[in-house]
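Let's take a relaxed tour of this protein, starting with one ring and the charges around it. Have the 3D view ready as you read.

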Amino acid sequence: MSADQSANVELIKKHIGEYPDFPKKGILFKDIFTALRHGEVCKAIKSVLVSYVRESCPDVQVIVGLEARGFLFSLLIAAELGIASVPIRKKGKLPGSCAQQGYVLEYGTDVFEIQQGSITSGQKVLIIDDLLATGGTMDAANKLVQQLGGVVERNVVIIELTELGGRKKLEASGSNVHSFIQYHDVE
């Protein structure tokens with residue numbers, strides 16, 4: 001990473017909000033929305049993401065964003081690179097025929113969906129979200145893309161909570177994971 005991009009990552013990190021006991025007691029929530037309140041941070045995020053994708057995944061054809069914060073970044077990257085942006089949403093939020101994949105949360109289960117035909121067989125895909133914790137949502141997204149025949153080139157997040165083991169889970173299933181900011185203590 002260049003010195004300029006390292007400085008951009010530090011600027012982003014400086015503006016990440018922290019909310020104790022959210023969404024439940026004992027959790028220190030890391031909030032990207034707090035950082036997005038600042039125009040210079042928005043520019044830094046765009047620069048870091050686009051530069052990373054250009055350098056590390058130059059052949060990617062589709063950027064998939066996970067509900068909901070991942071949408072912010074997927075369209076930004078896709079528009080800059082002139083490639084497709086595809087959403088993965090919670091069950092019942094997308095029209096038409098959809099592929100589904102269940103996943104486990106700390107407090108239950110949920111289902112992700114992607115529209116059939118949004119990714120074609122063999123297309124190279126980068127999946128992006130704001131945060132990686134336990135890896136459940138990203139793992140479900142990987143499986144959905146693969147159901148449609150896509151090839152997941154990379155899982156990218158802005159923030160990674162390393163203590164929760166999401167990277168290990170994803171890498172154990174063959175995923176290539178990149179995060180820009182790592183926090184080693186979640187409480």
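Find Tyr-183 to begin: the charged end of Lys-30 sits over its ring, 4.0 Å from the centre. Keep in mind that you're looking at a predicted model. Lys-13 also has its charged end over the ring of Tyr-183, at 5.4 Å from the centre.

Now for rings that meet other rings. A pair of aromatic rings is described by the distance of the centres and the angle of the planes. Searching the whole structure turns up three aromatic pairs, and two of them are listed here.

| Pair | Type | Centre to centre | Angle between planes |
|---|---|---|---|
| Phe-22 and Phe-29 | edge-to-face | 5.1 Å | 85° |
| Tyr-103 and Phe-112 | tilted | 4.8 Å | 45° |

Are the two partners in the tilted pair buried or exposed? Tyr-103 is buried because its relative accessible area is 7%, under the 20% cut-off. Phe-112 counts as buried too, with 1% relative accessibility. Over in the edge-to-face pair, Phe-22 is partly exposed, at 45% relative accessible area.

Time to zoom out. The protein's secondary structure comes to six helices and nine strands. Its C-alpha trace spans about 40 × 40 × 30 Å along the principal axes. How does the radius of gyration fit a compact globule? For 187 residues such a globule would come out near 16 Å, and the protein has 16 Å, so the two agree.

Of those 187 residues, 45% count as buried. On the outside, the protein exposes about 9,100 Å², with carbon and sulfur atoms supplying 50% of that area.

Technical notes
Residues numbered from 1 in each chain as written. Predicted model: local features only at pLDDT ≥ 70, side-chain atom pairs only at ≥ 80, totals over all residues. Heavy atoms only, no water. Phe/Tyr/Trp six-rings, centres within 6.5 Å; stacked < 30°, edge-to-face > 60°. Buried < 20%, exposed > 50% of the residue type's maximum accessible area, 1.4 Å probe, protein only. Lys NZ or Arg CZ within 6 Å of the ring centre and 35° of its normal. Helix = DSSP H or I, 4+ residues; strand = E, 2+ residues; numbered from the N terminus. Rg over C-alpha atoms; globule rule 2.2 N^0.38 Å. Areas by Shrake-Rupley, 256 points an atom, 1.4 Å probe, with all protein chains shown as cover.
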